[in-house]
Amino acid sequence: MTNFYTLTRTELVEATKEFKFIWLSLFFVILGITQPLITKYMDVILENVGGADGITIDPNRPVPSSAEVLLSTISGQFNQIGLIILIISFMGLIAADRNSGMQDFILTRPVSLRSYLLSKLMGHWVISMFSISIGAVVSYGYTIFLFGSFSFSNFLLFLLLYSFWILFVVSLAILISTFVKSPILIAVTTIAASIFFILIKGFNHFLFQLSPGGILNLAENQLLSVHDSNYFSIATCLAFILLNLSWANRNLKKS
Amino acid sequence: MITVEKLHKTIKKRKILSDVTFSVAKGECVGLLGPNGAGKTTLIKCMTGILQHEQGNITFNSTPIVQHKKNIGYLSQHTDFKPWMTCEESLFFFGKLSGLDKTFLKGNISAVLEEVGLKDKGNYKVEQLSGGMKQRLGIAQAILHQPLLLILDEPVSALDPIGRNEVKKLIARLKKRTTIIISTHILDDASEFCERYIIIKNGMIVGNITEEFQKSDRKQILVKMGNVPQTSEALKSSEVEHVECLSPNTFLLTGAEELDLQKVVNDFAAKEMDITSIEFYERGIEEIFLEMVSDT
């Protein structure tokens, strides 16, 4: 436990020294502000940038609800562009340690592989969720200001469930890092695998529910205030996280 | 102290280590020699518990090695630390991972930094250190918890002559109080510290060389002559089968069997040859190593 704490603390201090908390948060704040602003002022923007020729915007178009705007911010911006940037930010989470010899120094101490992998998971999950939460809260503020009120508890529940998905993505990056040494290849593979789990939804809804991406459905339903009692997807997501970590543990022991 | 028995290790279906058996006694300084890709680093990673092996045993004082991580200090082939940490912070981090007490660490870190010659660099960030300094910091983290066994993987191979000299001096000092295993392919460095050499080739132990072994091969005699003989054939006798001219007045005599030094001296005296010096030829570790790892 002490080793887990020491290692996690080092991950967080490193992120602070590299200003990761600041630039990632700023990035998510920009993403969080952009969606509600564009949705609200699309016609004004098009008019001002001179790109409205030939485009007719229906003045009677329905105004989206704050829930719909929040959903498009998270699903459209955070879970696509945001996810790619997050994965790029932690593509070296194990590769850097391995290439510098740091991993060998750590593992020759009385440190279990479990503590080492859990510290990576925890450290990068905290960094990611901190940035996402800041961006999401700012987005929430803008959305309720521009589109009307929305239940804060539902929003928090959404963030909580979304954090399981992020935990899964970090565990996936850890697993892939034990197969591949190149950070770029780790990032590309993790992005591709994460997008695959999101895209399953379009192909087979049943498989999607059984995949770690199923938790995204449950999270989104909290935003849309749709009754969804498929809490099984939390267990599925956790099972995949455990599977990723166990597999990574096995790989590191063997090679 | 440490015993490796019938060790086998396969990585990605490729046999890296095969039936590796050897032991190192307390106080010894042993060189683990082998060409690149021989399996030295994999063997060391198994010995330090980083990698799991499929078959065989590695024991430290008769108990499995994994229970003795606190007693092992390790310097990896690639030594780099978190660049944003200072030397003191790096050592504190590794000390905490070794389970050392905060109070003990505070006192010991400055002592260890002094030992490795980085006393005044405690507040320097790792990114400000030269290659030699980083390697000394690597040794500092390896000895911080006062291990009984020190395993150094290629400690000087990546350093410039100044850095090598600094690290070699440090190893020579550590050798007096710790059991050391040094993996290297630079034989001159190994011969400065080691009393024994384990030679590994294609994942197998092909030689276990002691200083006695180097001296024990008495089939060759090195002779220096005062007067240069007209032909080297003149140096042949019933015992000496082959004569090799190393310089105009230095010859290497080789016999089919072990040579009798006194008999050779008497032979030369009978032929009224002027001998300046005569001694058994002691083969260097490089010569023995090349012989053992050569494919021919």
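**Group meeting: a two-chain predicted model**

Let's start with chain A. From the N terminus on, its elements run α-α-α-α-α-α-α-α-α-α-α. That comes to 11 helices and zero strands. The radius of gyration of chain A is 20 Å, and the globule rule gives 18 Å for 255 residues. Those two values are close, so chain A is as compact as a globular protein of that length.

One caution before I go on. This is a predicted model. It scores ipTM 0.83 and pTM 0.81.

A little more on chain A. Along its principal axes, the C-alpha trace spans about 65 × 40 × 35 Å. How much of chain A is buried? Of its 255 residues, 42% count as buried. Now take the contacts in chain A between residues at least 6 apart in sequence. Of these, 80% join residues at least 24 apart.

Next, chain B. Its average pLDDT is 86, and 97% of the residues score at least 70. Which elements of chain B sit at the two ends of the pLDDT scale? Helix α7(B), residues 211-216, has the lowest mean, 63, and α2(B) has the highest, 93. Keep α2(B) in mind, please.

Here is a sheet in chain B. It is open, it has four strands, and the order is β2-β1-β4-β5. The pairing is antiparallel. A quick reminder for anyone new to this: strands of a sheet pair through backbone hydrogen bonds, either parallel or antiparallel. Which strands are at the edges? They are β2(B), residues 14-24, and β5(B), residues 63-64. Each of them pairs on one side only.

Look at the β5(B) edge. Strand β4(B), residues 55-60, is joined to β5(B) by two bridges. Find Phe60(B); its bridge partner in β5(B) is Thr63(B). A helix packs on this sheet too. That is α1(B), residues 40-47, which touches β1(B), β2(B) and β4(B). The direction of α1(B) makes about 120 degrees with that of β1(B).

Further along chain B, look at strand β13(B), residues 250-255. Two strands are joined to it. Strand β11(B), residues 220-225, runs antiparallel to β13(B), with five bridges between them. Here Val223(B) has Phe251(B) as its bridge partner. Strand β12(B), residues 240-247, also runs antiparallel to β13(B), with six bridges. There, His242(B) is partnered with Thr254(B). How many residues lie between β12(B) and β13(B) in their hairpin? Two.

Now one single residue, Arg283(B). You will find it in the loop between β14(B), 275-280, and α9(B), 285-293. Is Arg283(B) buried or exposed? Count its neighbours: 17 other C-beta atoms lie within 10 Å. Buried takes 20 or more, and exposed takes 12 or fewer. With 17, it falls in between, so Arg283(B) is partly exposed. Compare its position with Asn123(B). The two are 160 residues apart in sequence and 47 Å apart in space, C-alpha to C-alpha.

Last, where the chains meet. 26 residues of chain B are in contact with 19 residues of chain A. On the chain B side, the elements that give two or more residues are β6(B), 72-75, and α2(B), 87-97. Which of them gives the largest share? It is α2(B), with four residues. This is the helix I asked you to remember, the one with the highest mean pLDDT among the elements of chain B. What kinds of residue make up that side? There are 10 nonpolar, 10 polar and six charged.

That's my tour. Over to you.

Definitions and conventions. Residues are numbered from 1 along each chain as its sequence is written. Chains are lettered from A and ligands numbered from 1 in the order in which they are written. This is a predicted model: local features need pLDDT of at least 70, side-chain atom pairs count only at pLDDT 80 or more; totals for chains, interfaces and linings use all residues. Two residues are in contact if their C-beta atoms, placed from the backbone, lie within 7 Å. Ala, Val, Leu, Ile, Met, Phe, Trp, Tyr, Cys and Pro count as nonpolar, Asp, Glu, Lys and Arg as charged, and the others, Gly among them, as polar. Two strands pair if DSSP finds at least two bridges between them. pLDDT is the predictor's confidence in each residue, from 0 to 100. The radius of gyration is taken over C-alpha atoms; the globule rule is 2.2 Å times the number of residues to the power 0.38. Axes are lines fitted to C-alpha atoms, for helices over the stretch in contact, and angles run from 0 to 180 degrees between N-to-C directions.
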